[in-house]
Amino acid sequence: MSRVRDAMIPDPVSLDASATAQETGEHLVQPDVRAVYVSDGEQFVGVVTRKTLVEKVVAAGRDPRSTPVGELAEAANWTIDPELPLDEAFRLLEEWDAERVPVVDGGKLVGVLSRSVLQRRLAEDEPPAELDALET
């Protein structure tokens, strides 16, 4: 059976907690980046989105050049283990109504699991019903 490790997106956009809000914003202006993952050394700290920057920096009147991203990171609602079976991971993402979940191994961020990528992966693993019927 396939595991989360087999379907996750490795090496998501991430920064060290000491990076600035400005550096984070430079990543978030890219259309394909929805979140920046923050770690303090090897320890996963949380996630920063455009909304986070607006609320915690712009609206708060903080200087983005000197505000450490570690102070802004919001703890992830959920994380998932890389060894979890894919079908169980899919059930959890559906239950949580989550599109993306950080994959954490021993406190270290190792990837991100996307529900849409996982759906495609599971569809590839299961042949259509009509093909199953032809084989029997």
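**Exercise 1. What covers helix α3?**

Find out which elements are included in what covers the buried residues of α3, and work out where on the helix those residues sit.

*Solution.* Keep in mind that you're looking at a predicted model.

Step 1: Pick out the buried residues of α3, which are T52, L53 and V57.

Step 2: Look down the helix axis. These residues cover an arc of only 95° around it, so they end up on the same side of α3.

Step 3: Now turn to the face that points away from this buried side. There you'll find the exposed residues K51 and V58.

Step 4: Check what lies over the buried residues. The cover includes α2 and strand β4 (43-48).

**Exercise 2. How do α2 and α3 meet?**

Describe the crossing of helices α2 and α3, then say which residues meet there.

*Solution.* Step 1: Start with the axes. Those of α2 (residues 21-28) and α3 (residues 50-58) come within 10 Å and cross at roughly 150°.

Step 2: Add the handedness: this crossing is left-handed.

Step 3: List the partners. From α2 come A21, T24, G25 and L28, and they meet R50, L53 and V57 of α3.

Step 4: Sort the contact residues by type. You get four nonpolar, two polar and one charged.

Step 5: Link back to Exercise 1. L53 and V57 take part in this contact, and L53 and V57 also belong to the buried residues of α3.

**Exercise 3. One side of helix α4**

Which residues of α4 are buried, and how are they placed around the axis?

*Solution.* Step 1: Scan the helix, which covers residues 86-96. The buried ones are L86, A89, L92, L93 and W96.

Step 2: Check their directions. They cover an arc of only 120° around the axis, so they lie on the same side of α4.

Step 3: Pick W96 and compare its place in the chain with that of N77. The two are 19 residues apart in sequence, and their C-alpha atoms are 9.2 Å apart in space.

Step 4: Place N77 itself. N77 belongs to the loop between α3 and α4, and it counts as exposed because its relative accessibility is 65%, over the 50% cut-off.

**Exercise 4. Two unusual phi angles**

What is the sign of phi at D11 and at D97, and is each residue buried or exposed?

*Solution.* Step 1: Recall the general rule: most residues other than glycine have a negative phi.

Step 2: Take D11. Although D11 is not a glycine, its phi is positive, about 55°. You'll find D11 in the loop between β1 (9-10) and β2 (14-16). With 72% relative accessibility, D11 counts as exposed.

Step 3: Take D97. D97 isn't a glycine either, but its phi is positive at about 55°. Helix α4 is followed by this residue, which sits in the loop between α4 and β5 (100-105). D97 is exposed, with a relative accessible area of 59%.

**Exercise 5. Two buried residues and their neighbours**

Is R115 buried or exposed, and what do R115 and S39 touch?

*Solution.* Step 1: Locate R115 in helix α5 (residues 115-125).

Step 2: Read off its relative accessible area of 14%. Because that is under 20%, R115 is buried.

Step 3: Leave out residues up to four places away in sequence and list the neighbours of R115: F90, L93, E94, D97, A98 and E99.

Step 4: Zoom in on E94. A polar contact of 3.1 Å joins its side chain to that of R115.

Step 5: Move to S39 in strand β3 (residues 36-40). S39 is buried too, with a relative accessible area of 12%. Leaving out residues up to four places away in sequence, S39 touches L15, D16, A17, F44, V45 and L109.

**Exercise 6. The whole chain**

How many helices and strands does the chain have, and in what order do they run?

*Solution.* Step 1: Count the elements: six helices and six strands.

Step 2: Follow them from the N terminus: α-β-β-α-β-β-α-α-β-β-α-α.

Step 3: Note the extent. Along its principal axes, the C-alpha trace spans about 65 × 30 × 20 Å.

Step 4: Finish with burial and contacts. Of the 136 residues, 38% count as buried. Among contacts with a separation of 6 or more, 54% come from residues 24 or more positions apart.

Technical notes:
Residues are numbered from 1 along each chain as its sequence is written. This is a predicted model: local features need pLDDT of at least 70, side-chain atom pairs count only at pLDDT 80 or more; totals for chains, interfaces and linings use all residues. Side-chain values use heavy atoms; hydrogens and water are left out. Buried means under 20% relative accessible area, exposed over 50%, partly exposed in between (1.4 Å probe, protein chains only). Helices (H or I, at least four residues) and strands (E, at least two) are DSSP runs, numbered from the N terminus. The arc is that of the directions from the helix axis to the C-beta atoms. Axes are lines fitted to C-alpha atoms, for helices over the stretch in contact, and angles run from 0 to 180 degrees between N-to-C directions. A crossing is left-handed if the near helix is turned anticlockwise from the far one by less than a right angle, and right-handed if clockwise. Contact means heavy atoms within 4.5 Å. Ala, Val, Leu, Ile, Met, Phe, Trp, Tyr, Cys and Pro count as nonpolar, Asp, Glu, Lys and Arg as charged, and the others, Gly among them, as polar. A polar contact is a pair of N or O atoms within 3.5 Å; within protein, one must be able to donate a hydrogen and the other to accept it, and residues adjacent in sequence count only if both atoms are side-chain atoms.
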